[in-house]
Amino acid sequence: MPHQITLIPGDGIGPEVMQAAVRVLEATGLKFAWETYAAGAEAYEKYQEYIPSALIDSIGRTRVGLKGPISTPIGHGFPSINVALRKRFELYANFRPISNLSHIPTRYPQVDLIIIRENTEGLYSGIEHEVVPGVVESLKIMTEKACTRISRFAFEYARKNQRKKIHAIHKANIMKLSDGLFLRCAREVAKGYPEITYGEHIVDNTCMQLVMNPYQYDMLLMENLYGDIISDLCAAFVGGLGMVPSANLGDHCAIFEAVHGTAPDLAGKDLANPTAVIRCAELMLHHLGEHGAALKIQNALEMVYRTRDKLTRDVGGKAGTSEFADSIIAAMEPEAVAAAQNRRP
Ligand code: ATP
């Protein structure tokens, strides 16, 4: 039986990097039945719906999505499709592993951090209004239910994956009620996991601490906005936004998408690095229980980065998006992967 997956190519560099990821996934030898849908401005032009109901039905059915970035107008226009999908399917946990691939020159080698971002509320609730001309309010919604649920997700992940330490990141000195609630819930959940060291850092200090010494952290647990900002900061440790995948996870569905956005400066030029979405594909395969195929992709990525012949420009190479994907596919030949493993230091 093929794996049924809802595919959302997205905008900007989305279609190019997603095509690369689909080709790599198919080269694993697994069978996929793709249900492909547009969302955002493109969907509105075609169907007068930003999120077509057929797309919602498809995710409800397949329960697994692989999604490209979708642009959100700045300061006006329709609300974020990315945020709407996370809310619609209660994908409350955004899981962002930050780790180096070998042989990419980065500021810090061997970073291994996990960011767990609450995905459904905070300032991303999108509840804003103009009180009087010149005065607006944006509401930061925090609930005990969501703060406890994301804390439990983080601690459960830590326990199952032998992680040692979780820091809750906050600004409870200023937002005493909202971030205060987040901390209270995290502390309460932490009591049930005595083997995991629990700490708390204020978000601005965390930015400095990360740049000074990212190795002091193991897992970072935070609300929506801090998670968005700190993920981009951490992407810089491991080669930039072209490298970092994420999974939006709920109790019933999962949508995998890169941390990066639509990168309009690179769109349509075959320049974008598809590594982040290929790593999303890897996360998706683990979610589907296809651990062997995921390892195949991981090994191929390691090999292509080690040999450095076909890297994209953001990491110092000259290859285009599709050429990079070709080399990953070539590296998935069993002999090539075996040879790469023999060359490991
Ligand atoms: P959005 O509003 O959709 O989030 P953005 O331009 O604010 O878009 P990103 O698209 O995440 O933010 O990217 C910021 C910059 O990082 C881009 O301009 C691009 O130069 C670089 N970048 C992002 N993704 C990639 C990628 N896959 N490969 C190479 N460079 C990338």
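Colleague: Which backbone atom of Q110 does the side chain of N100 reach, and at what distance?

Modeller: In this predicted model, the side chain of N100 comes to 3.1 Å from the backbone nitrogen of Q110. A further polar contact, of 3.2 Å, links the side chains of N100 and T106.

Colleague: What makes the N100 and T106 pair a polar contact?

Modeller: The term requires a pair of N or O atoms within 3.5 Å; within protein, one must be able to donate a hydrogen and the other to accept it, and residues adjacent in sequence count only if both atoms are side-chain atoms. The pair of N100 and T106 lies at 3.2 Å, and therefore meets the limit of 3.5 Å.

Colleague: Which rules of numbering and confidence apply to such statements?

Modeller: Residues are counted from 1 along each chain as its sequence is written, and side-chain values use heavy atoms, with hydrogens and water left out. As the model is predicted, local features need pLDDT of at least 70 and side-chain atom pairs count only at pLDDT 80 or more, whereas totals for chains, interfaces and linings use all residues.

Colleague: Why is N100 called buried?

Modeller: Its relative accessible area is 17%; buried means under 20%, exposed over 50%, and partly exposed in between (1.4 Å probe, protein chains only). N100 is therefore buried. N100 sits in the loop between β4 (93-99) and β5, where helices (H or I, at least four residues) and strands (E, at least two) are DSSP runs numbered from the N terminus. Its contacts (heavy atoms within 4.5 Å) include Y108, P109, F237 and R279.

Colleague: How do you know whether S246 and M212 are buried or exposed?

Modeller: S246, in strand β11 (residues 245-249), has 0% relative accessibility and so counts as buried. Its side chain reaches the backbone oxygen of E257 at 2.8 Å and makes a polar contact of 3.4 Å with the side chain of N94. M212, in helix α7, has 62% relative accessibility and therefore counts as exposed.

Colleague: Why are the buried residues of α7 said to line one face of the helix?

Modeller: The buried residues of α7 (residues 203-212) are V203, T206 and L210. Seen down the axis, they fall within an arc of 40°, so they line one face; the arc is that of the directions from the helix axis to the C-beta atoms. They pack against elements including β8 (165-170), β9 (197-202) and α8 (224-235).

Colleague: What makes α3 a similar question?

Modeller: In α3 (residues 53-62), L55, I56, S58, I59 and T62 are buried. Their arc is only 160° around the axis, which puts them on the same side of α3. Their cover includes β1 (3-8), β2 (32-36) and β12 (254-258). R63, which follows α3, has a positive phi, near 65°.

Colleague: How do you know which residues surround the ligand?

Modeller: A residue is near if one of its heavy atoms lies within 4 Å. Of the 13 residues around the ligand, G261, T262, A263, D265 and N273 come nearest. A backbone N or O atom of A263 lies 2.7 Å from a ligand oxygen, and a polar backbone atom of N273 is 2.9 Å from a ligand nitrogen. Taken alone, the ligand exposes 610 Å², and the protein buries 64% of that, by the Shrake-Rupley method with a 1.4 Å probe; for residues, only the protein chains shown count as cover.

Methods
Lists of a residue's contacts leave out its neighbours within four places in sequence.
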